[in-house]
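Biologist: I should like to go through this protein with you, asking at each step why a given term is used. Please set each value against its definition.

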Amino acid sequence: MWWIKNAQVIDPAQNISDIRDVLIGEGKILELKQGITEAEAKAKSGGTEWQEIEAGGCYLFPGLIDVHTHLREPGREDKEDIASGSRAAVRGGFTTILAMPNTTPVLDQKALIEYVVNQGKKVGLARIHPIAAITKGQEGKELVEMVELAAAGAVGFSDDGRGVQRGEMMRLALEYAKLTSCPVISHCEDESLAHKGVMHRGIVSTRLGLRGIPSSSESVMVARDLLLAEESRGKLHLAHISAKESVDLIREAKKRGVDVSAEVNPHHLLYTDEAIARTPYSTSYKVNPPLRTEEDRQALIEGLLDGTIDMLATDHAPHTWEEKTNPFDEAPFGISGLETALAAIWQELVITGILPQELLIKAWSMNPAQRFNLSGGTLKVGAPADLILFDPEHTELIDTDYLASKGKNTPFLGQRLKGFPIKVWVDGCLVHEI
């Protein structure tokens with residue numbers, strides 16, 4: 001049992017943001033109140049010994065939930081595997097992660113979903129929930145067996161990395177997914193408009209001579225899928241929103257009552273396409289959707305603040321060093337983000353007063369848990385003891401030795417970040433400490 005004393009507890013699910021003590025035992029939150037006495041601790045422990053932690057000056061959050069993680073297993077374990085991805089997750093404060101299906105082979109069969117679930121349990125760090133593909137092989141031609149895959153452990157459906165190009169196929173997916181109560185996750189990209197671009201289409205891409213991806217390649221698909229969700233009354237989740245026009249469309253759809261949620265990635269909140277010009281052709285900034293303009297970045301922040309965008313998600317996309325050292329045109333899209341995401345957002349948006357602490361935890365814990373029907377997201381008595389003790393003063397130099405992930409492709413490489421989890425519990429077990 002653990003007795004955490006005098007922590008600044010932030011739990012939006014209970015509207016709590018003050019100093020409290022927390023008792024953890026039997027994998028659950030046993031008590032959460034100000035000034036727990038030794039007699040109360042003994043009564044709750046049932047005679048079990050406890051470890052005391054003086055947490056003054058630190059925050060206690062519900063464990064973070066990342067709804068968009070690429071673990072690469074099965075098939076590309078050279079980039080990442082479930083064990084290394086789990087280690088990276090808990091170091092970053094993520095007690096639950098949702099694994100995307102664009103593996104090799106694609107997660108489109110019951111046996112593969114069960115494999116990911118079982119591997120996650122075997123590793124025994126973060127909770128691993130697989131996302132199943134929408135279509136077999138992510139080819140956009142035939143729906144997967146959604147009910148069967150949900151029963152095997154899938155918590156959502158996505159053809160992430162490609163996107164469903166045919167409107168009728170997406171409509172059918174939204175209809176059939178209602179049988180499972182799982183969201184359909186849209187990778188919003190019209191491939192004919194993206195036209196194999198490698199960065200945002202604009203002044204910077206023209207100056208650098210790189211093929212551009214227009215904002216419309218995202219917003220056209222956002223509009224389509226919002227209309228299909230409205231027509232079908234399906235449950236839609238929009239991945240990695242990056243464009244101002246998309247935020248405007250989602251805001252209006254929510255006003256109409258469309259059952260939609262949306263996520264934004266840290267890199268889209270922190271960087272613009274100018275980063276590629278400042279560090280010429282650095283593939284650490286090559287992501288899909290691409291980093292866009294300052295106007296887009298401000299719209300994303302506004303959307304997060306007003307609730308148009310419901311949650312943060314890393315889109316952790318590890319690649320080998322050899323792949324990312326290719327020329328910009330040839331390198332794969334993606335940033336490895338599990339270990340740096342919380343610290344980067346805290347340093348750049350929370351400390352600066354742009355993003356309230358309460359909203360950060362709401363967007364990275366409570367909202368994901370509620371939308372994807374997951375345990376966690378709160379420190380209510382009786383809830384699973386998934387939580388993180390966060391030290392806002394702790395600093396780390398981000399280098400290849402520090403990163404547990406096999407993916408070293410991060411723009412923070414060589415930088416010192418401030419604000420990290422110093423202890424992380426999953427199901428009441430301490431899985432990470434500094």
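Modeller: The sheets come next, then one residue, and then the empty spaces.

Modeller: This is a predicted model, in which local features need pLDDT of at least 70 and side-chain atom pairs count only at pLDDT 80 or more, while totals for chains, interfaces and linings use all residues. Residues are numbered from 1 along each chain as its sequence is written, and side-chain values use heavy atoms, with hydrogens and water left out.

Biologist: What makes E6 and E7 paired strands?

Modeller: Strands are DSSP runs of E with at least two residues, and helices are DSSP runs of H or I with at least four, numbered from the N terminus. Two strands pair if DSSP finds at least two bridges between them. E6 and strand E7 (residues 94–99) have four bridges in the parallel sense, so they count as paired under that rule. One of the bridges joins Thr69 to Ala99 in E7.

Biologist: Why are E6 and E8 called edge strands?

Modeller: The open sheet has three strands in the order E6-E7-E8, with parallel pairing. Strand E6 (64–69) and strand E8 (127–130) each have a single partner strand, so one side of each lacks a neighbour in the sheet. On average, neighbouring strands of this sheet are turned by 20 degrees against each other, direction ignored.

Biologist: How do you know that helices pack on this sheet, and which are they?

Modeller: Contact means heavy atoms within 4.5 Å. Helix H3 (residues 110–123) touches E7 and E8, and its direction makes about 175 degrees with that of E8. Helix H15 (residues 357–371) touches E6 and E7, at about 75 degrees to the direction of E6. Such angles run from 0 to 180 degrees between N-to-C directions, with axes fitted as lines to C-alpha atoms, for helices over the stretch in contact.

Biologist: Which strands stand at the edges of the sheet E9-E10-E13-E14-E15?

Modeller: Five strands form that open sheet, with parallel pairing. Its edge strands are strand E9 (157–158) and strand E15 (311–312), each pairing on one side only. E9 and strand E10 (residues 184–186) share two bridges in the parallel sense, and the rule asks for at least two, so they count as paired. Phe157 has Val184 in E10 as its bridge partner. Helix H8 lies across E10, strand E13 (236–238) and strand E14 (260–264), running at about 165 degrees to E13.

Biologist: Where does Glu230 lie, and why is this residue called partly exposed?

Modeller: Glu230 lies in helix H8 (residues 216–232). Buried means under 20% relative accessible area and exposed over 50%, with partly exposed in between (1.4 Å probe, protein chains only). Glu230 has 32% relative accessibility, and therefore counts as partly exposed. Not counting residues up to four places away in sequence, Glu230 touches Arg256 and Val258. The C-alpha atoms of Glu230 and Ala253 are separated by 8.3 Å, although these residues are 23 residues apart along the chain.

Biologist: What makes an empty space a cavity or a pocket?

Modeller: On a 1 Å grid over the protein atoms alone, a cavity is a set of points where a 1.4 Å probe fits but cannot get out. A pocket is an open set with protein on both sides within 12 Å along at least five of seven lines, and lining residues have an atom within 4 Å of a point. Grid points are joined across faces, edges and corners, and a volume is the space filled by probe spheres set on the points. The structure holds five cavities of 30 Å³ or more, and the largest has about 100 Å³ of space.

Biologist: How many residues of the lining of the largest cavity are nonpolar, polar or charged?

Modeller: Ala, Val, Leu, Ile, Met, Phe, Trp, Tyr, Cys and Pro count as nonpolar, Asp, Glu, Lys and Arg as charged, and the others, Gly among them, as polar. The lining divides into eight nonpolar, four polar and no charged residues; Leu270, Thr314 and Phe412 are among them. H10 gives the largest share, three residues.

Biologist: Which residues lie closest to the centre of the largest pocket?

Modeller: The largest pocket holds about 620 Å³ of space. Of its 29 lining residues, Asn102, Gly161, Arg162, Asn288 and Phe333 are the closest to the centre. The lining comprises seven nonpolar, 13 polar and nine charged residues.
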